[in-house]
Amino acid sequence: MRAMRAEATESSALTAGAAHLLCFAGLAAAHTLAGRGALVSDPALALRLLVVCEAPIVIAVFSYLRRDAKSCSIFKAVARGLICLPVGAFLNAFGAIVLGAPVGIKYWIPTIYWSLLMSLFTFVPAACVFGASKIDWQNVLSHSIYFMPNDVENYMISAPCHGAVLGAWLGGWPMPLDWERPWQEWPICVSYGAVAGYLVGMAVSVVLVAVHNRRVRAKAD
């Protein structure tokens, strides 16, 4: 029994690492295709490539990790992710506008792509894994997840989600300053912050999974 538990925790750690590596690969591929500095010179193109490269990976990875695998096929999980993508984008766009994002016509396209990217970072993984489970969504969105034992999937979803939101918020701080730098335009600095926060969140989630596995092994011993 102890050997089986140790094997399960090792497997979950490898799964978490592999999932985050695939998501990182999607971001790296988009960056390579767009070219260096594309987010500043052509935000709409860079964000579109990020969405196109990241969306299939995020939806596929987290649909595979769906919690109710016996009662929910992977196709249903993929459908949940696809449905949640525009819904999450709308909520992110609404939140950004409420917090002061510009609404001029020239910003519409970049805002749409930024919102879709944020939806991939925040809502889509939870939709693929948990579906409409209210309790699981509350656990994932709550900060208390960092202070109590949780499932590996919760750590994998929560930390990158929180990191992306916090990074986008911090990234928006330079926008009103009079530095007159091109990267201060919406949604350039916010996108940089969101991606950086997402990457930091993935690293934090790996640490949380490792700590979780250590606790499980300690209980098994």
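Start in the largest nonpolar core, a set of buried (under 20% relative accessible area, 1.4 Å probe, protein chains only) Ala, Val, Leu, Ile, Met, Phe, Trp, Tyr and Cys residues joined through side-chain atoms within 4.5 Å. Select Phe-62, Trp-114 and Tyr-198: of its 56 residues, these touch the most other members. Helix α5 (108-130) gives the most to this core, with 13 residues. Helices here are DSSP runs of H or I with at least four residues, numbered from the N terminus.

A word on what you are viewing: this is a predicted model, where local features need pLDDT of at least 70 and side-chain atom pairs count only at pLDDT 80 or more, while totals for chains, interfaces and linings use all residues. Residues are numbered from 1 along each chain as its sequence is written, and side-chain values use heavy atoms, leaving out hydrogens and water.

Next, pick Arg-67. Its salt bridge (a side-chain nitrogen of Lys or Arg within 4 Å of a carboxyl oxygen of Asp or Glu) with Asp-136 has its closest N and O atoms 2.9 Å apart. Asp-136 lies in helix α6 and Arg-67 in the loop between α3 and α4, so the pair ties together parts 69 residues apart in sequence. Now add Glu-153, which meets Arg-67 in another salt bridge (3.9 Å, N to O). Glu-153 sits in helix α7, so this pair ties together parts 86 residues apart in sequence.

Finally, move to the loop between α7 and α8 and select Glu-180. This residue has a positive phi of about 60° although it is not a glycine, and Glu-180 is exposed (over 50%) at 73% relative accessible area. In that loop you will also find Pro-187, joined to Trp-186 by a cis peptide bond with omega about -5°.

Technical notes:
Helices (H or I, at least four residues) and strands (E, at least two) are DSSP runs, numbered from the N terminus.
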